[in-house]
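Reader: I'm new to this and would like a close look at one helix and what surrounds it. Could you walk me through that part?

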Amino acid sequence: NTTDVSEMDYSLVETGGDGGINGGIGKKPDGAPVGVTFYVQSDDVGGSLARVQELGGRTIAGPLDMPDGHKWALFADPEGHVVGLYGVG
């Protein structure tokens with residue numbers, strides 16, 4: 001099942017299964033490299049970004065409020081690998 005998020009030029013992809021890994025397809029955010037970005041669920045997106053910075057990473061984008069009420073962010077680990085965060089907080 002896909003859901004168009006036209007204001008973001010993005011489509012959400014939902015597996016519909018228990019424990020399935022949902023995702024999406026869209027243009028890369030500014031500052032993000034071309035390629036696949038893996039996302040990690042967080043109960044505190046803002047707190048997770050703060051911890052990333054404490055450990056030598058850096059925030060690339062966010063946290064941003066998503067239309068579904070969740071938060072979204074991108075960070076780079078100390079080696080520059082980009083990872084996404086998705087969740088609350």
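Author: Sure, let's start with helix α1, residues 45-54: its buried residues are V45, L49 and V52. Buried here means under 20% relative accessible area, with exposed over 50% and partly exposed in between, using a 1.4 Å probe and protein chains only. Looking down the axis of α1, you'd find those buried residues within an arc of 55°, so they line one face of the helix; the arc is taken from the directions from the helix axis to the C-beta atoms. Helices (H or I, at least four residues) and strands (E, at least two) are DSSP runs, numbered from the N terminus.

A quick note on the model: it is predicted, so local features need pLDDT of at least 70, side-chain atom pairs count only at pLDDT 80 or more, and totals for chains, interfaces and linings use all residues. Residues are numbered from 1 along each chain as its sequence is written, and side-chain values use heavy atoms, with hydrogens and water left out.

What do the buried residues of α1 pack against? They meet β4 (39-42), β5 (58-65), β6 (71-76) and β7 (82-87), where contact means heavy atoms within 4.5 Å.

Now take S42, which sits in strand β4. S42 is buried too, at a relative accessible area of 7%. Beyond its neighbours within four places in sequence, S42 touches S48, L85, Y86, G87 and V88.

On the other side of the helix in sequence, just after α1, G56 has a positive phi of about 100°. Then there's P63, found in strand β5, and a cis peptide bond links G62 to P63, with omega about 5°.
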